[in-house]
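The following paragraphs offer a guided reading of one molecular model. The sequence and coordinates are shown first, and the discussion then moves from residue to metal site to overall architecture.

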Amino acid sequence: MKTATVTILGSGTSQGVPVIGCTCDTCKSNDSLDKRLRSSILIESAEATIVVDTGPDFRQQMLREEVKKLDAVLITHCHKDHIAGMDDVRSFNFLQKKPMPIYASPADQLAIKQEFAYAFGENKYPGVPALKLIDLNCNSFIIKDIKLIPIIVMHRYMPVYAFRIGNFAYITDANYIPEPGLNTLQGIELLVIDAVRKEKHISHFSLSEAVEMAQKIGVKRCWFTHISHLMGKTADVNPSLPSGMQLAWDGQKIEIGY
Ligand SMILES: [Zn+2]
Ligand SMILES: [Zn+2]
Ligand SMILES: [Zn+2]
């Protein structure tokens, strides 16, 4: 079995934590575990470096983790907190002298073309990002030495892509997992899944719903991501979770097998 490292680039919900102007205990916390950039992960194997989502904090995340090459970007869905930083793949275009492969569903590709219209079409301004859009669907695909299996999860009415790699899966922005996805998740041991807050939410799992889902899938270890300041302080929440489960944190590294 080969191993890869997953780094939590960000574990915060769309506003991040702290929230601008908020004076709640979580936003005022000095604990580094309570500082959450927008949700994204980095996957690094012997050959491949992949980012899932390029949110508004993408530049800062690449600098913090000292990422020097990037083979591909996978887009879970086109909400702003998952694509807003895509312009900064320019730096990798300059370094690698080729367009960045962006795996996205056809619907998300349309949104990306609207959002970054200046990067598409004729007579582009010099230096705009070079984005090579690649269709993402339910078929598994390979990037260098990594096989990725896409899984459709539901974010209220919106289909969102989750990904399985070997014994690991990453599920952000979901409040429901249809049957085919649950089948694909069978046998995983490590899971990162969204849990926005304790109270019920219309388009995200709550903490108790996410715990229940992790138990239903039957994983050994689970970390929760896409966390709002309403979740409360990490040090207060973690002791209340079942063994093997914790809130994810920015900079966290998870060794996966595939
Ligand atoms: Zn989101
Ligand atoms: Zn707050
Ligand atoms: Zn979303």
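H77 has a relative accessibility of 0%, and because the limit for a buried residue is under 20%, H77 counts as buried. This value, like the others below, is computed from a predicted model. H77 belongs to the set of protein donors around the zinc ion (ligand 3), where its NE2 atom is joined by ND1 of H79, NE2 of H155 and an OD atom of D173. These donors lie 2.2 to 2.3 Å from the zinc ion (ligand 3). In sequence, the spacing of the donor residues follows the pattern H-x1-H-x75-H-x17-D. H77 and H155 link distant parts of the chain: H77 is in the loop between β4 (72-74) and α3 (80-83), whereas H155 is in strand β8 (residues 146-155), 78 residues apart. H155 is likewise buried, at 5% relative accessibility.

The geometry of this site deserves attention. The angles among the four donor atoms of the zinc ion (ligand 3) run from 86 to 174°, and the site is irregular. Four donors count as tetrahedral if all angles lie between 85 and 135 degrees. The upper value of 174° for the zinc ion (ligand 3) lies outside that range, so the tetrahedral description does not apply.

A second metal accompanies this one. D173 bridges the zinc ion (ligand 3) and the zinc ion (ligand 1), with 3.5 Å between the two ions. Which residues supply the protein donors of the zinc ion (ligand 1)? They are D81 (OD), H82 (NE2), D173 (OD) and H226 (NE2), at 2.1 to 2.3 Å from the ion. The sequence spacing of the donor residues here is D-H-x90-D-x52-H. The four donor atoms around the zinc ion (ligand 1) subtend angles of 93 to 162°, so this arrangement is irregular as well. H82 lies in helix α3 and H226 in the loop between β12 (221-225) and α8 (234-237), so this pair of donors ties together parts of the chain that are 144 residues apart in sequence. H82 is buried, with a relative accessible area of 0%, and H226 is buried at 1%.

The strands named above belong to two sheets. In one of them, seven strands form an open sheet with mixed pairing, in the order β6-β5-β4-β3-β2-β1-β14. Its edges are β6 (131-135) and β14 (253-257); each has a single partner strand, so one side of each is left without a neighbour in the sheet. From one strand to the next, the twist averages 25°. At the β6 end, strand β5 (residues 100-104) runs parallel to β6 and is joined to it by five bridges. A104 has D135 as its bridge partner in β6. Helix α5 (residues 106-115) packs on this sheet and touches β5 and β6, its direction making about 160° with that of β6.

The other sheet contains β8, the strand that holds H155. It is an open sheet of seven strands in the order β7-β8-β9-β10-β11-β12-β13, again with mixed pairing. Here β7 (141-143) and β13 (245-247) stand at the edges with a single partner strand each, so one side of each has no neighbour in the sheet. The twist averages 25° from strand to strand. β7 and β8 pair in the antiparallel sense over three bridges, and in β8 the bridge partner of F141 is L148. Helix α7 (residues 207-217) packs on this sheet, where it touches β11 (190-194), β12 and β13; its direction makes about 155° with that of β11.

A further set of contacts involves helix α1, where T26 has its place. T26 is buried, with a relative accessible area of 8%. Beyond its neighbours within four places in sequence, T26 is in contact with V17, D34, H229, G232 and K233. S29 is found in the loop between α1 (25-28) and β2 (40-44), and S29 is also buried, with a relative accessible area of 8%. With neighbours within four places in sequence left aside, the contacts of S29 are D34, K35 and K233. Although S29 and K233 are 204 residues apart in sequence, their C-alpha atoms are 7.5 Å apart in space. Locally, the side chain of S29 reaches the backbone nitrogen of D31 at 3.0 Å.

Conventions:
Residues are numbered from 1 along each chain as its sequence is written. Chains are lettered from A and ligands numbered from 1 in the order in which they are written. This is a predicted model: local features need pLDDT of at least 70, side-chain atom pairs count only at pLDDT 80 or more; totals for chains, interfaces and linings use all residues. Side-chain values use heavy atoms; hydrogens and water are left out. Two strands pair if DSSP finds at least two bridges between them. Helices (H or I, at least four residues) and strands (E, at least two) are DSSP runs, numbered from the N terminus. Axes are lines fitted to C-alpha atoms, for helices over the stretch in contact, and angles run from 0 to 180 degrees between N-to-C directions. Contact means heavy atoms within 4.5 Å. Donors are N, O and S atoms within 2.8 Å of the metal (3.2 Å for Na, K and Ca); water is not among the atoms, so sites may look incomplete. Four donors count as tetrahedral if all angles lie between 85 and 135 degrees; four count as square planar and six as octahedral if opposite donors are over 155 degrees apart and all others between 65 and 115; anything else is irregular. Buried means under 20% relative accessible area, exposed over 50%, partly exposed in between (1.4 Å probe, protein chains only). A polar contact is a pair of N or O atoms within 3.5 Å; within protein, one must be able to donate a hydrogen and the other to accept it, and residues adjacent in sequence count only if both atoms are side-chain atoms.
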